[in-house]
Amino acid sequence: MFDVVIFDESSQADVRGVNIAYLGKKLLVVGDPEQISPISFLKQDDVVGLIGKHLANIRHSEHFSITSSFFDIAEVKMSERVMLLEHFRSVEEIIGFSNKLSYNGRLETLRYPQPKWQLKPVLEAVHVSNGFMNLNNQVNEPEAEAIVEKLAEMLKDPKYDERDNEKGGTRPTTFGVTTLLGNDQGKFITNLIRQKISEEEIEKRKIIAGNPYAFQGD
């Protein structure tokens, strides 16, 4: 047993994280309930059936589902809560939407890139007028093709050549492509990238495509 156990990234742990709670006399749970839920390969209906069968007499048993994180479960019992308000990861133009939607504008953005490395506009919307999702899988081919064409165009643009290196000097600009459509779209975009862009360039630019789970913590 430990006197204190600090449970980090508890929003990314499912109900099995409860086991860790038994290792400490006191528990400090760190997480963000507004993050994406823990990934699970189980069916929600199956889990609900098991809860009804085996945990019917347990208080708050509805929280022991695959959609609940350990942070959600901890909130049921823990009344004291401290919200960290300083945000270092994203610039205001990017985190601003989430700040208003999920945090009531309470986050204080403390990341200010050097003017010479700023890319403007920070956000740019591109409308793919002929986009549609296939019925047999979660793939939007026109949208994926437009994304990869745009990526190939950006790789040739001088303003995306070099960035500041944290250790001094410069490094190639890196690219991440995230999709909210699901795994199928992420795989489809990845395959298109490999067809249109050389492996050398992919490696140099650290080009990755995937759903939000592929980028959690980055």
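**Group meeting talk: salt bridges, cores and a few odd backbone spots**

Okay, let's start with a little cluster of charges: Glu201, Lys204 and Arg205 are tied together in a network of salt bridges. Before I go on, keep in mind that this is a predicted model.

So, inside that network, Arg205 and Glu201 join through their side chains, with N to O at 3.1 Å. Both residues belong to helix H7, which covers residues 199-205, and they sit four residues apart, about one turn of the helix. Are these two buried or exposed? Arg205 counts as buried, because its relative accessibility is 3%. Glu201 is at 17%, so Glu201 counts as buried too. As a general point, side chains of opposite charge can pair when their charged atoms come close.

How many salt bridges does the structure hold? Six. Let me show you two others. One of them is in helix H5, between Lys150 and Glu153, where the closest N and O atoms are 3.6 Å apart. These two are three residues apart in H5, so about one helical turn separates them. Lys150 has 31% relative accessibility, so this lysine counts as partly exposed. Then there's Arg16 with Asp14, and here the closest N and O atoms are 2.6 Å apart. Arg16 is at 61% relative accessibility, which means it counts as exposed.

Now for the greasy part. In soluble globular proteins, nonpolar side chains tend to be buried together. Here, the largest nonpolar core has 15 residues, and the members touching the most others are Leu151, Phe175, Ile189, Ile193, Ile197 and Ile207. Helix H5 (141-155) and helix H6 (183-196) each bring at least two residues to this core. Which element gives the largest share? That's H5, with five residues.

If you want one residue to click on, try Ile207. Leaving out residues up to four places away in sequence, Ile207 touches Leu151, Leu155, Phe175, Ile193, Ile197, Glu201 and Ile202. And yes, that's the Glu201 from the salt-bridge network I opened with. There's also a second, separate core of eight residues, and Ala13, Phe70, Phe71 and Ile73 are among them.

Let's go back to H5 and H6 as a pair. Their axes come within 10 Å and cross at roughly 40 degrees. That angle makes H5 oblique to H6, and the crossing is right-handed. Who meets whom? On the H5 side you have Glu141, Glu143, Ala144, Glu145, Ile147, Val148 and Leu151, and they meet Gln185, Phe188, Ile189, Leu192, Ile193 and Lys196 in H6. Leu151, Ile189 and Ile193 came up a minute ago, among the core members that touch the most others.

Last stop: some backbone spots in the loops. Where is there a cis peptide bond? Look from Lys120 to Pro121, where omega is near 0 degrees. Pro121 sits in the loop between strand E4 (108-109) and H5.

Two residues to flag have a positive phi without being glycine. Glu9 has a phi of about 55 degrees, and you'll find Glu9 in the loop between strand E1 (2-7) and helix H1 (18-21). With a relative accessible area of 39%, Glu9 is partly exposed. His60 has phi near 60 degrees, in the loop between helix H2 (44-54) and helix H3 (70-77). His60 also counts as partly exposed, at 35% relative accessibility.

That's my tour, thanks for listening!

Methods. Residues are numbered from 1 along each chain as its sequence is written. This is a predicted model: local features need pLDDT of at least 70, side-chain atom pairs count only at pLDDT 80 or more; totals for chains, interfaces and linings use all residues. Side-chain values use heavy atoms; hydrogens and water are left out. A nonpolar core is a set of buried Ala, Val, Leu, Ile, Met, Phe, Trp, Tyr and Cys residues joined through side-chain atoms within 4.5 Å. Buried means under 20% relative accessible area, exposed over 50%, partly exposed in between (1.4 Å probe, protein chains only). Contact means heavy atoms within 4.5 Å. A salt bridge is a side-chain nitrogen of Lys or Arg within 4 Å of a carboxyl oxygen of Asp or Glu. Axes are lines fitted to C-alpha atoms, for helices over the stretch in contact, and angles run from 0 to 180 degrees between N-to-C directions. Angles under 35 degrees count as roughly parallel, over 145 as roughly antiparallel, 65 to 115 as roughly perpendicular and the rest as oblique. A crossing is left-handed if the near helix is turned anticlockwise from the far one by less than a right angle, and right-handed if clockwise.
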